[in-house]
Amino acid sequence: MADHAILKYDGKELQLPVITGSENEKAIDITTLRDQTGLITMDSGYKNTGSCTSSITYLDGEAGVLRYRGYAIEDLASKAQFLEVAYMIIYGRLPTEKEYTTFKNKIKRHSIIHEDMKHFFNGFPSSGHPMSILSSMVCALSAYYPDCISADPNDDLHITRLLSKIRTIVAFGYKKSIGHPLIYPRNDLSYCANFMHMMFAVPSEPYEPDPEVVKAVNTLLILHADHEQNCSTSTVRLVGSSNANMYAAISAGILALWGPLHGGANQAVIEMLQAIHKSGGDYKGFMEKVKDKNSNARLMGFGHRVYKNYDPRAKVLKDMADKLLPHLKVKDPLLDIAKRLEEIALEDPYFVERNLYPNVDFYSGIVYRAIGIPVNMFTVMFALGRLPGWIGQWREMMMDPSRKIGRPRQIYTGEVARPFVALADR
Ligand code: CMC
């Protein structure tokens with residue numbers, strides 16, 4: 001296959017190199033395009049634009065394949081621990097037993113937050129969305145650890161610190177929102193069990209997290225751990241590319257994730273299912289609405305920029321919902337509604353023609369609900385899982401010697417030059 005593409009423009013011919021990835025994906029390298037032709041490329045929504053090379057995640061949306069560092073998501077979801085996946089995503093390979101123990105110990109050491117940071121939770125209104133609180137608190141960590149501003153991305157102090165403290169921040173935020181005393185971490189527990197403990201223990205009662213729930217949380221976090229150059233990860237890379245510190249970059253990523261077209265979809269899915277339930281199960285009316293271009297409604301949890309097939313994460317989550325809900329003795333009518341919607345959509349030409357399938361957010365909320373996570377915290381759970389991906393992608397970029405500040409161009413469509421007119425003369 002040719003190793004270059006030819007662009008003909010204005011009587012000139014330009015050879016552009018073709019880059020090939022390890023799974024044989026191809027890209028035309030246009031780095032010299034503007035210098036040689038004066039042209040830039042336009043690609044709204046970056047549908048065809050590669051912003052970097054990366055060795056973290058491989059995704060084949062047509063085939064429904066997702067791998068982190070070469071390992072299939074299905075294998076990782078059923079066999080791995082979230083922290084070993086985090087290590088692998090961030091540092092490039094699975095840890096040895098010794099490396100894993102050291103990594104886990106570092107994470108344990110950082111599980112509490114600075115006592116002064118607890119006051120911040122008093123300042124937020126109890127109705128404040130947990131994503132705004134999470135983003136603010138993660139950014140605030142840079143004020144408490146100012147050496148992060150010039151930290152070496154090779155130094156894992158801030159990495160392990162953030163991986164650990166994010167659980168405490170999330171759980172403290174939840175406890176504050178419901179008026180409960182804050183529950184401090186218990187470092188004898190695993191990463192996920194410790195999080196459950198901080199979320200659900202109360203001082204007056206003994207609490208041992210249900211091992212099946214801990215296992216489900218572990219899997220949920222692994223399923224969300226990375227997804228290559230999506231909106232929030234690209235945000236982390238873009239902010240980080242200015243040499244802003246890691247906490248600042250990830251705080252920005254959290255905000256990008258919040259939107260309902262991205263991670264916020266898991267909350268929107270449950271709200272949609274609840275509305276259908278409330279309407280007495282008016283599937284037909286709802287489906288007509290999502291297909292009507294004037295309605296602005298979408299079947300939330302369906303469709304994906306990259307997957308044109310069933311999202312492999314959604315398969316694992318559907319299966320998880322089927323097993324975990326009976327274990328917890330939860331009978332959730334929303335699960336039946338979701339399955340019915342899926343059946344209808346997968347036979348409807350509108351969805352079939354557009355290759356719209358369930359994505360990771362379609363079933364995850366049903367599992368979160370069964371576990372006792374409030375609806376407005378679903379996207380926070382996504383962020384907890386995505387953290388290793390954001391850190392790994394940020395670190396990969398920071399360690400790339402050819403790194404440049406992210407700075408897209410534009411085509412200006414405004415007024416041409418004209419004289420300023422003083423206020424009195426307008
Ligand atoms: N319901 C109804 N129609 C849809 C949907 C949907 N969920 N998704 C896409 N379409 C239609 C869309 O109207 C368009 O139709 P047409 O070609 O007639 O104009 C066509 O399918 C292509 O859609 P698009 O918006 O151009 O595709 P995109 O790649 O820009 O958007 C998406 C991808 C995820 C934003 C979109 O599918 C969507 O809004 N889905 C619902 C929100 C959602 O579940 N987001 C979570 C994504 S997975 C988690 C993560 O972010 O990683």
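**A chat about sheet, helix and domains**

Visitor: Hi! How are the strands of the open sheet ordered?

Guide: The open sheet has 3 strands in the order β1-β2-β3, with antiparallel pairing. Strands are DSSP runs of E, at least two residues, numbered from the N terminus, and two strands pair if DSSP finds at least two bridges between them. This is a predicted model: local features need pLDDT of at least 70, side-chain atom pairs count only at pLDDT 80 or more, and totals for chains, interfaces and linings use all residues. Residues are numbered from 1 along each chain as its sequence is written, and side-chain values use heavy atoms, leaving out hydrogens and water.

Visitor: Which strands stand at the edges?

Guide: β1 (4-9) and β3 (26-28) do; each has a single partner strand, so one side of each is left without a neighbour in the sheet.

Visitor: And how many bridges join β1 to β2?

Guide: There are 6 bridges between β1 and β2 (residues 12-20), which run antiparallel. Lys8 stands opposite Glu13 in β2.

Visitor: New topic: is helix α9 largely enclosed or not, and why?

Guide: Largely enclosed, because 11 of its 14 residues are buried. Buried means under 20% relative accessible area (1.4 Å probe, protein chains only). Among the buried residues of α9 are Val213, Leu220 and His224. Helices are DSSP runs of H or I, at least four residues.

Visitor: What sits at the start of α9?

Guide: A side-chain oxygen of Asp210 comes within 2.8 Å of the backbone nitrogen of Glu212.

Visitor: Last one: what are the domains?

Guide: Domain 1 (4-60), domain 2 (71-260 + 377-386) and domain 3 (265-371), with bounds from an automatic or database domain assignment. The centres of domain 1 and domain 3, taken over C-alpha atoms, are 36 Å apart.

How values were computed: Buried < 20%, exposed > 50% of the residue type's maximum accessible area, 1.4 Å probe, protein only. Polar contact = N/O pair within 3.5 Å; in protein donor to acceptor, adjacent residues only side chain to side chain.
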